[in-house]
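User: Hey, got a minute to walk through a structure with me? I'll throw quick questions at you as I scroll.

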Amino acid sequence: MELTIHKIKIAPEYFVSIVEGRKKAELRKNDRNYKSGDLLWLSVLGQGELAGEELMAVITHVLPVSEIIEGCEGWVILSIDPKSPQMASEFIIERVQSWQ
């Protein structure tokens, strides 16, 4: 078993929407072989006051866009569950302990 953490950059306005609980999904090119149960380490890009902010989120579902829109191969919609730093740590510890 493995735990994959994908470090990705995100625009400040989308980051805020995730933190506020309004954004529950992320559209991404599937160049990282995203899987349900993987972690996203979201890092704000840019020069604004949020630059440097980070958040962890668990991928709860991966929907290939090509299943709903023809010609969109290689893209996925990731359903995500944001986690506080403590909750992300607990998630990682539980995953590692489940392998033993």
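User: How much area does the protein expose, and what share of it do carbon and sulfur atoms supply?

Analyst: About 6,500 Å² is exposed, with carbon and sulfur atoms supplying 53% of that. Keep in mind that this is a predicted model.

User: Ok, and what percentage of the residues is buried?

Analyst: Of the 100 residues, 31% are buried.

User: What about the radius of gyration, and what would a compact globule have?

Analyst: The protein has 14 Å, and a compact globule with 100 residues would have a radius near 13 Å, so the two agree. Along the principal axes, the C-alpha atoms fill a box of roughly 40 × 40 × 20 Å.

User: Switching to the fold. How many helices and strands are there?

Analyst: Two helices and five strands. Reading from the N terminus, the order is β-α-β-β-β-β-α.

User: And what part of the contacts comes from residues 24 or more positions apart?

Analyst: They account for 62% of the contacts with a separation of 6 or more.

User: Now the inside. Which residues have the most contacts in the largest nonpolar core?

Analyst: That core has 14 residues, and the ones with the most contacts inside it are Ile-18, Tyr-34, Leu-40, Leu-42, Leu-78 and Ile-80. Two or more residues each come from strand E1 (5-10), helix H1 (12-19), strand E3 (39-44), strand E4 (54-64) and strand E5 (75-83). There's also a second, separate core of five residues, which includes Leu-39, Met-56, Val-58 and Phe-91.

User: Zoom in on Ile-18. What does Ile-18 touch, leaving out residues up to four places away in sequence?

Analyst: Ile-18 touches Ile-10, Leu-42, Leu-55, Ile-80 and Pro-82, plus Lys-23 and Glu-26.

User: Aromatics next. How many aromatic pairs does the count come to?

Analyst: Zero, by the rule used here. There is a charge over a ring, though: Lys-7 lies over the face of Trp-41, at 4.3 Å from the ring centre.

User: I also flagged Asn-33 on my backbone plot. What is the phi of Asn-33?

Analyst: Positive, about 55°, even though Asn-33 isn't a glycine. For background, most residues other than glycine have a negative phi.

User: Where does Asn-33 lie, and why does Asn-33 count as partly exposed?

Analyst: Asn-33 is in the loop between strand E2 (25-29) and E3. Its relative accessibility is 47%, and partly exposed runs between the 20% limit for buried and the 50% limit for exposed, so that's the class Asn-33 gets.

Key: Residues are numbered from 1 along each chain as its sequence is written. This is a predicted model: local features need pLDDT of at least 70, side-chain atom pairs count only at pLDDT 80 or more; totals for chains, interfaces and linings use all residues. Side-chain values use heavy atoms; hydrogens and water are left out. A nonpolar core is a set of buried Ala, Val, Leu, Ile, Met, Phe, Trp, Tyr and Cys residues joined through side-chain atoms within 4.5 Å. Buried means under 20% relative accessible area, exposed over 50%, partly exposed in between (1.4 Å probe, protein chains only). Helices (H or I, at least four residues) and strands (E, at least two) are DSSP runs, numbered from the N terminus. Contact means heavy atoms within 4.5 Å. Rings of Phe, Tyr and Trp (its six-membered ring) pair if their centres lie within 6.5 Å; planes under 30 degrees apart count as stacked, over 60 as edge-to-face and the rest as tilted. A charge sits over a ring if NZ of Lys or CZ of Arg is within 6 Å of the ring centre and within 35 degrees of the ring normal. The radius of gyration is taken over C-alpha atoms; the globule rule is 2.2 Å times the number of residues to the power 0.38. Accessible areas come from the Shrake-Rupley method with a 1.4 Å probe; for residues, only the protein chains shown count as cover.
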